[in-house]
Amino acid sequence: MPDTRTHDIITVATGALLAPAAYVLLESGGRDDAAAGAAVLTGAHLISGLLFSPDLDIDSAIDNRWGFFFWIWRPYMWLIPHRHFWSHSLVFAPLLRLVYFYLVTLLIVVWGAWILGRIGVGVPDLHAQASAWLFDMMRRNPDMVRLFIFGFISGSAAHTIADWLVTGGKRYMRMAGIRLRHDYRNHDLK
């Protein structure tokens with residue numbers, strides 16, 4: 001499999017190709033917000049590929065990017081088998097990671113408010129306000145939400161497809177009698 005650095009290069013390169021293509025496509029469709037739409041799509045692609053990578057299902061360089069908050073991904077890592085449909089599918093897996101992150105963030109805010117309430121600090125219902133704001137924004141901007149979702153899926157897909165190509169490529173090379181000398185077993189730990 002490609003290592004983390006190679007996956008990052010693939011993500012950035014595909015994002016660089018995606019940005020002008022999205023802009024041209026949106027502008028040719030008569031969209032006044034073509035630049036904003038292309039930025040949302042490309043930003044979601046980069047965020048998905050660099051921070052919400054399919055390799056969050058293992059202890060890797062990807063979860064280290066979360067710094068102190070790496071622990072957010074530990075339950076995900078324990079529950080999701082590596083390189084399985086749940087982590088490396090093209091559409092379902094990135095949406096699962098997005099929903100997982102939303103639910104964990106919501107749980108942390110609720111838990112934090114509960115703890116502060118126990119020690120006598122009154123906290124507004126931030127979880128409800130944040131969720132209401134998010135769902136209202138999604139309702140008001142459905143086109144941008146679609147672009148974000150497409151970009152988020154494409155960022156993860158760039159990683160997954162690269163893994164598939166290397167795995168399939170190695171299999172076909174072995175069938176042809178060609179042996180690779182480079183050991184990719186610990187590709188995600190670099």
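## Exercises on aromatic rings, cores and burial

The count of aromatic pairs comes to 16, where rings of Phe, Tyr and Trp (its six-membered ring) pair if their centres lie within 6.5 Å. The model is predicted: local features need pLDDT of at least 70, side-chain atom pairs count only at pLDDT 80 or more, and totals for chains, interfaces and linings use all residues. Residues are numbered from 1 along each chain as its sequence is written, and side-chain values use heavy atoms, with hydrogens and water left out.

**Exercise 1.** Classify the aromatic pair of Trp66 and Phe101, and place both residues.

Step 1. Planes under 30 degrees apart count as stacked, over 60 as edge-to-face and the rest as tilted.

Step 2. Trp66 and Phe101 are 5.4 Å apart, centre to centre, with 50° between the planes, and the pair is tilted.

Step 3. Trp66 lies in the loop between helix 3 and helix 4 and Phe101 in helix 6, so the pair ties together parts 35 residues apart in sequence. Helices are DSSP runs (H or I, at least four residues), numbered from the N terminus.

Step 4. Trp66 counts as buried at 15% relative accessibility, while Phe101 is partly exposed at 25%. Buried means under 20% relative accessible area, exposed over 50%, and partly exposed in between (1.4 Å probe, protein chains only).

**Exercise 2.** Classify the pair of Phe69 and Trp71.

Step 1. The ring centres of Phe69 and Trp71 are 6.4 Å apart and their planes are at 45°, so this pair is tilted.

Step 2. Phe69 is partly exposed at 44% relative accessibility, and Trp71 is partly exposed at 35%.

**Exercise 3.** Which residues does Tyr100 touch, and in which groups does Tyr100 occur?

Step 1. Leaving aside neighbours within four places in sequence, Tyr100 is in contact (heavy atoms within 4.5 Å) with Ile72, Trp73, Pro75 and Tyr76.

Step 2. Tyr100 belongs to the largest nonpolar core, which has 12 residues, including Phe52, Trp66 and Phe152. Such a core is a set of buried Ala, Val, Leu, Ile, Met, Phe, Trp, Tyr and Cys residues joined through side-chain atoms within 4.5 Å.

Step 3. Tyr100 is also in an aromatic cluster, whose members include Phe101 and Phe148.

**Exercise 4.** Is Asp63 buried or exposed, and what does Asp63 touch?

Step 1. Asp63 lies in helix 3 and counts as buried, because its relative accessibility is 0%.

Step 2. Apart from neighbours within four places in sequence, Asp63 is in contact with Leu56, Ile58, Phe70, Arg74 and Met77.

Definitions and conventions:
Helix = DSSP H or I, 4+ residues; strand = E, 2+ residues; numbered from the N terminus.
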